[in-house]
Amino acid sequence: MSALLEIEDLQAWYGKSHVLRGVGLRIERGEIVGLLGRNGSGRSTLVKAVMGQVQASGSVLFRGEQLLGLPTSRIARAGIGYVAENRDIFPTLTVAQNLTLGVQRSRPGRWSLADALRLFPQLEARMQVAAGVLSGGEQQMLALARAMMGNPELMLIDEPTEGLAPQLVAAIAVFLEELASRGTAVLLIEQKLAIALAVSQRIYLLGHGRVVHHGAPDSLRTQPELSRDWLAV
């Protein structure tokens with residue numbers, strides 16, 4: 001059986017700047033895969049290439065369908081949720097309206113508003129508040145919940161715990177694990193190594209736009225030179 005997401009020889013550019021240089025990556029149904037690397041290694045560019053937001057070549061197969069060349073809207077409707085590092089909420093709309101916009105009527109399935117409020121109960125009291133006045137942590141919870149409401153088969157999540165308090169970091173870890181337990185795969189970009197290694201089944205390590213290591217999370221613990229050479233600042 002083919003992987004849910006299968007990337008081969010992915011090249012990506014910003015103008016004349018060549019960022020990804022032949023990346024290959026696989027994600028199976030219902031697993032969490034950590035995408036690690038220093039800032040500038042190409043992690044965010046990779047998920048933007050999957051979503052059709054940067055110039056790219058190579059192959060990106062999702063359930064066997066080629067995504068490269070498709071508009072972002074069609075990629076999202078195919079079953080991929082994307083939570084960007086800047087969260088991309090609609091600031092003038094209420095929390096409730098943001099969550100409603102996340103629903104894809106053509107993709108009924110496993111996630112409901114009740115699930116979102118159970119996983120992120122802080123949002124329930126803020127449902128009629130404009131999203132732009134939420135705290136950074138509340139905005140992150142809203143972005144994750146909105147993507148979940150589309151019932152994706154795969155979620156691409158970029159730096160979900162950046163700048164958050166430890167209590168919120170723990171809540172997001174629970175959210176990620178529940179996604180996987182109910183069949184939603186996750187490609188996770190995460191700077192907090194402890195979280196990434198705790199929730200991921202496999203990790204890919206990027207350096208200079210290439211995969212420099214792929215393996216189990218424990219491989220970073222047993223091979224400290226990998227962290228030294230490719231993650232330490």
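Which residues of α1 are buried? They are R43, T45, L46, V47, A49 and V50, where buried means under 20% relative accessible area with a 1.4 Å probe, protein chains only. The model is predicted, so local features need pLDDT of at least 70 and side-chain atom pairs count only at pLDDT 80 or more, while totals for chains, interfaces and linings use all residues. Residues are numbered from 1 along each chain as its sequence is written, and side-chain values use heavy atoms, without hydrogens and water.

Helix α1 spans residues 43–50; helices are DSSP runs of H or I with at least four residues, strands runs of E with at least two, numbered from the N terminus. Just after α1, G52 has a positive phi of about 75°.

The largest nonpolar core (buried Ala, Val, Leu, Ile, Met, Phe, Trp, Tyr and Cys residues joined through side-chain atoms within 4.5 Å) has 38 residues. F120, F175 and L176 are among those with the most contacts inside it. Elements that each supply at least two residues of this core include the following.

| Element | Residues |
|---|---|
| α5 | 136–148 |
| β7 | 154–158 |
| α6 | 166–181 |
| β8 | 185–189 |

Helix α6 gives the most, with eight residues. A second, separate core of 34 residues includes L10, V47, I80 and L156.

One aromatic pair is found in the whole structure; ring centres must lie within 6.5 Å, and planes under 30 degrees apart count as stacked, over 60 as edge-to-face and the rest as tilted. F120 and F175 form this tilted pair, 5.1 Å centre to centre with 40° between the planes. F120 lies in the loop between α4 and α5, F175 in helix α6, 55 residues apart.

Terms used. Buried < 20%, exposed > 50% of the residue type's maximum accessible area, 1.4 Å probe, protein only. Phe/Tyr/Trp six-rings, centres within 6.5 Å; stacked < 30°, edge-to-face > 60°.
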